[in-house]
Every structure is written in C-alpha cells, then in structure tokens.
Amino acid sequence: MRWRPHGGSLQRLLLVGLLVPLWALVALMAVVQVVQQARFNAAAQDAALRMALTHWPAVLPGDTSPTQEPLAGPAPSIWYRESSLDGERLAGSDALPRLPSSGVVVGEGVVHFYLAQVGHRLVRVAATLHQPAGVDGGPGAGNAVVRQLARPFSERLPNIDRLMGEGGGLRAVLLLALVMTVVAAALARVASGWLEHASASLTQPDAGGPGQGYKGPSELAPAVQHFGELQQSQSRWIEAQRRFLADATHQMRTPMAVLRTQLQSAIAGDVHVVDALHQMLHTVDRASNLANQLLSLSKVEQLKRMGELPSVNLHAVAREAVMELAPLIAAKRLDFALDGPDEMTAPGDAALLGELMRNLLANAIHHTPVHGRLGVLLRNSTGRRELLVWDEGPGIDDAVRQRLFQPFSAGKGGVGLGLSICRQIAESMGAEVTLFNRLDAGQVVGVDALVAWED
C-alpha cells in the first residue's frame, strides 16, 4: 500500500524528506570515519609502544627511583617501568602498576598489551620479558626483567582536528551537506511561494480569463485554470438563480394577490359565487402551472450536474407528449402528423425531454388556428439529429423572437417560462433550440421550433 501524507505543511514535508536522509548519510559517514580513525590510532599506538620497547632508552623519563628526585614540569605522556619477575620495581615510574599475574609474559621478545590505570588516567600498556646480556655480551648473564611501556588510552581515540582535516575529508562532507541544506530550504521556500501564488490566483479572478495571470508551477496550472472556470461558472449560476428567484417571487405575488381580491369580492357579494369560483379556479391553475415550471427548472439544474447522459428514444417521447395533449388537439380540430424514424435517439433525460416536447407542442397548439395543421418531424441529418415542431401560426417578429427565451417574457398571455425552460432543458442535454418563421413565396405560413443535437 502506497503511503500518502494526510495534512500538514508541504514546506515541512519537503524539508524533512530532503534533509533527514541527507544528514543521516552525513552521520553514517562520520561514524565510519570515527571508526576508521580509531582503528588507525590504535594500530599506530601499539606499533609505537612495540618500537619503544625495542629501543629501550638508557635514561627513562619519569624515573622516580629513591636515588633521583622527581622531574619537574607536567606529568609525562609516556610511562616506563622495569621490574623483576616478582614485580619489584627496578627503574621507571612508580605510578605505573606492576604487570598483573594473569598477564605474565613468557618468552623474550613477546609483547603483551593490556589496559591499566595510572592515577585517574586510563593507559595502554605494552610489556615484554627482557634477558640482560652478560659482561662479555653473552646472554643469560643477568636476571630476567619485565619491561613495561604505557601511553594514554586517549591517544587511541579519534581527534576532531584529524577528522576535519584534509586527510579525514569530513570537513568537505559537512560543508557540502550545509550547502545542500541551504539549497533545500531555499527550494522549499520557493515551492511554498508558488503554492501561495496559486492560492492567490484561485481567490483573485484574472482579467484575461481563468488561469491567465498564473505564474506558479506548470503542474498546477491546469488545476488553477479548471478551478477558475468552476468559480466563474458558479458565479454565473448564482447570479442567474438570484435574478430568477427575484422574478419568480414577483410573478408568484401576482396570482396570490388576484386570488385574494377574488375571495374578498366573493365574501362581499360583489360577484356571483359561481363566477368567483371559476375565476379563482383559473387563478389557481395559473399559479400551479407557474409552480410546476419552477420545479422543472430545478430539475434542469440537476440534469446539468449529472455529467454523461443516457440515450433517449425521441420518437417514444414525442408520441407520449402528443397523447397527453391529444384533447387540446382534438378541441381545435387540428390535423396532426408525427413523422420520423422510430429508433432515433439522443442524449438526455426522458422526463425533461417530455417537458420540452409538451411546452413546444402547447405553444404550437395555442397559436395554430382552428382546423389548422401542425406536426412533429424527426430527422437524422449529416452530423446532427433534429426534432422539429411545426405549426401554421401567424409567425414571430424578429424583435420578439430572442426575447421569448428569457424568463417571464411571454408573447401573449401565460407566465413566460415555457420557452425559457425549453432552452435550458435543451442546453443541459447538449442541444440547441431555435424558433424561426416558415416562409412560402415570401409569406409567413407558420412557425418552426427546432431542437438540434450536434454529433
């Protein structure tokens, strides 16, 4: 399972992620250098002690025999002792303890190393058995003695000056690590500044469009641009909803005020009760129609946020809408025709597409004269699919045509939401709805409402 950070500072994450491994590597190299230096110092000290035993001096520094006064000055850094086999000191420093019995050397020339305590200092001691030569230079003339030579154990420990010197190389490693630390801190600060700039780009709209003024990392540019587009889209949607709610509130006030007036007139007896009830029923129908259209608009917003839409059979939706409005067609004795392929489909929502069809058909029925003709035509043209609702209405003025798609802008009667809903439903399904006059020999013979989907 891949680890992902949850929360926290990106700058801190970058610094920790870069500097912790870096300084861990520096620490490892320092430990290796210390170990190597300690091993080198130990080998060098043992070699020096062995060499000093080989070249035993005639006058021993630090000799504190009873016949000689102690030497003045600082304590010696090397101690000598010459003892008999039973441990009696013959020469050298009395501070250097005799050779432990467990460490008695055997054989002349064999060097025995061990640790001992001289005062409060830990020392490294080298001891060997020495057979003095006779008067004529022959061996075995004198008694064998034990010679001990000691140096401070601290000489075996690594020296910071040597570690940091040219030979150790640790100075260069530390300098390089410090430089890399400064560079990593600078890069983390730059990255943090880029993120702050990206945050400012998200909160401050650009005059040239979403993401045009962004100067941060290129990896974040698409996200900043996309977020800016979402902000602009959200702002436009909120403004449109604000205007729509203001208009809807104003429009809903009108039927409620009319209904109140009608009730007051019926209570006062100014109009006949039956006539007042018919008027109130008409007002209630108008208010219900407005409420239903407002609900349809809310469904359109939901459809816009759905993303990918399923395919809908246009012929089936058109046939269902025609069956629902058949009483209105029959009441005006209209000649109706539904033409087009049975299996023609388009992306959309069946319920809202039915609302679109009912609105267009209701407008066509309303404007078609009695005994006139109207119909629905489905056709699959090259590169587009079309749904056409045609009638024999009186036509639409060019100045009025575009205004009819605005909310609460009706031509004659009604509340002016039908065509606005039609356009919003079409746009939510990736289609476009247009109205235009149908001409014959230069004369307007009807109105066509075209809904088209581009392939």
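**View 1. Trp390 faces Asp448 across two strands.** Trp390 stands opposite Asp448, a residue of strand 12. Welcome to a predicted model, in which local features need pLDDT of at least 70 and side-chain atom pairs count only at pLDDT 80 or more, while totals for chains, interfaces and linings use all residues. Residues are numbered from 1 along each chain as its sequence is written, and side-chain values use heavy atoms, with hydrogens and water left out. Strand 12 covers residues 443-454 and pairs with strand 10 in the antiparallel sense over 7 bridges. Here, helices (H or I, at least four residues) and strands (E, at least two) are DSSP runs, numbered from the N terminus. Two strands pair if DSSP finds at least two bridges between them. Strand 10 is mostly covered, with 6 of its 7 residues buried. Buried means under 20% relative accessible area, exposed means over 50%, and partly exposed lies in between (1.4 Å probe, protein chains only).

**View 2. Strand 9 and strand 10 form a hairpin.** Strand 10 (residues 384-390) is joined to strand 9 by 7 bridges, and the two run antiparallel. Two positions help you find your way along this pair: Val376 stands opposite Val389, and Leu377 stands opposite Leu388. There are 2 residues between the strands of the hairpin, where Gly383 takes a positive phi near 85°.

**View 3. Strand 9 also meets strand 7.** Strand 7 (residues 335-339) and strand 9 (residues 373-381) run parallel and are joined by 5 bridges. To trace the match, look for Ala337, whose bridge partner in strand 9 is Gly375. As background, strands of a sheet pair through backbone hydrogen bonds, either parallel or antiparallel.

**View 4. Five strands make an open sheet.** In this open sheet of 5 strands, the order is 2-1-5-4-3 and the pairing is antiparallel. Strand 2 (89-92) and strand 3 (111-118) are the edge strands, each pairing on one side only. From one strand to the next, the twist averages 25°. Within the sheet, strand 4 (residues 121-130) and strand 5 (residues 145-152) pair in the antiparallel sense over 8 bridges. A handy marker is His130, whose bridge partner in strand 5 is Val145.

**View 5. Helix 1 lies across three strands.** Helix 1 (residues 10-54) crosses strand 3, strand 4 and strand 5, and runs at about 145° to strand 5. For such angles, axes are lines fitted to C-alpha atoms, for helices over the stretch in contact, and angles run from 0 to 180 degrees between N-to-C directions. Contact means heavy atoms within 4.5 Å.

**View 6. Ala188 of helix 3 is buried.** Ala188 lies in helix 3, and it counts as buried because its relative accessible area is 2%. Leaving aside neighbours within four places in sequence, Ala188 is in contact with Gln11, Leu14 and Leu15. Along the chain, Ala188 and Arg12 are 176 residues apart, yet in space they are 8.1 Å apart, C-alpha to C-alpha.

**View 7. Five leucines make a nonpolar surface patch.** Leu10, Leu13, Leu14, Leu18 and Leu195 make this patch of about 370 Å². Patches are made of residues with over 30% relative accessible area and no salt bridge; like charges are joined within 9 Å, and nonpolar side chains (Val, Leu, Ile, Met, Phe, Trp, Tyr) within 5 Å. A salt bridge is a side-chain nitrogen of Lys or Arg within 4 Å of a carboxyl oxygen of Asp or Glu. Accessible areas come from the Shrake-Rupley method with a 1.4 Å probe; for residues, only the protein chains shown count as cover. Helix 1 gives the largest share of the patch, 4 residues. Leu195 belongs to helix 3 (residues 170-203) and counts as partly exposed because its relative accessibility is 33%.

**View 8. Two loop residues take a positive phi without being glycine.** His371 has a phi near 65°, a positive value in a residue other than glycine. His371 sits in the loop between helix 8 (350-367) and strand 9, and counts as exposed because its relative accessibility is 59%. Ala441 is not a glycine either, and its positive phi is about 55°. Look for Ala441 in the loop between strand 11 (431-440) and strand 12; at 76% relative accessibility, Ala441 counts as exposed.
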